[in-house]
Amino acid sequence: MRLLPGFLSSERQHALVVELRAIVASAPLYSPAMPRTGSPYSVRMTNCGSHGWLSDRAGYRYSPTHPLTGAPWPAIPRPVLDLWHETTGLAYEPQACLVNWYGPEARLGLHRDQDEEAREAPILSISLGDTALFRLGGPERRSPTRSFRLASGDLMLLDGPSRHWFHGVDRILPGTSRLLPEGGRINLTLRRVTLPQLPMPGGR
Ligand code: SIN
Ligand code: MN
């Protein structure tokens, strides 16, 4: 795991918020439901990119369209793609950008990201707004965990073994950032879903 605290300048954070407001205007935040039980998450979600991550009674999956509007997800904004290339050093692009919005009471239970065929591609997490108390465990649900704060402008790269580690958000610390006038926290999770094409040997 690579933590990049304060990676984003205030200007870059504000520029991302402008992009996100446009995304939410065309792909509104919605309250997803847990598989089987249908209980609602406390986190509200939307997506951008060709592959949007969904959770509902039927399970977890990727979809090309928004569950309520039926429209294709908006594209991942250029500044977000730039951050992926800048931090991962990878030439291929992410396909999924999950946008999580946390109000003061929201949390996210311990889970692993495992719906991707590109199992070894890293995951990039971008935090904006109020600080989160984030919990990172290990490969098993019972592995020891530790918690630390993710503040506005912090990036976290889950790469190598940590790509498969359990993680979650214990709670939000309201009033810790002034980036979002309405308060709350936004987390962007960038993932590659399908296996990237390998360059052809000797190809151009
Ligand atoms: C997630 O694991 O989907 C989001 C984690 C976060 O909000 O930091
Ligand atoms: Mn996750």
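This note goes through the surroundings of ligand 1 and of the manganese ion in a predicted model.

1. Where ligand 1 lies. Ligand 1 sits in the largest pocket, and the elements that contribute two or more residues to its shell are the strands β5 (96–102), β6 (108–111), β11 (167–173) and β12 (185–191).

2. The shell itself. The residues that surround ligand 1 are Leu98, Asn100, Tyr102, Leu108, His111, Phe134, His167, Val169, Arg185, Asn187 and Thr189; by class, this shell divides into five nonpolar residues, five polar ones and one charged one.

3. Polar contacts and burial. Side chains approach oxygen atoms of ligand 1 at several points: a polar atom of Arg185 lies 2.9 Å from an oxygen atom of the ligand, a polar atom of His111 lies 3.1 Å from one, and an N or O atom of Asn100 is 3.4 Å from one. Taken alone, ligand 1 exposes 260 Å², of which the protein buries 95%.

4. The manganese ion. Ligand 2 is a manganese ion whose protein donors are His111 through NE2, Asp113 through OD and His167 through NE2, at 2.2 to 2.3 Å from the ion. Along the sequence these donor residues follow the spacing H-x1-D-x53-H, and the pair Asp113 and His167 links distant parts of the chain, since Asp113 is in the loop between β6 and β7 (123–129) while His167 is in strand β11, 54 residues apart.

5. Residues to look at in both sites. His111 and His167 belong to the surroundings of ligand 1, and His111 and His167 are also among the donors of the manganese ion.

Notes: Residues numbered from 1 in each chain as written. Chains lettered and ligands numbered in written order. Predicted model: local features only at pLDDT ≥ 70, side-chain atom pairs only at ≥ 80, totals over all residues. Heavy atoms only, no water. Near = heavy atom within 4 Å. Polar contact = N/O pair within 3.5 Å; in protein donor to acceptor, adjacent residues only side chain to side chain. Areas by Shrake-Rupley, 256 points an atom, 1.4 Å probe, with all protein chains shown as cover. 1 Å grid on protein atoms, 1.4 Å probe; cavity = no way out; pocket = protein on both sides within 12 Å on 5 of 7 lines; lining within 4 Å. Sits in = over half its atoms within 2 Å of the grid points. Helix = DSSP H or I, 4+ residues; strand = E, 2+ residues; numbered from the N terminus. Nonpolar A, V, L, I, M, F, W, Y, C, P; charged D, E, K, R; others polar. Donors = N, O, S within 2.8 Å, 3.2 Å for Na, K, Ca; no water.
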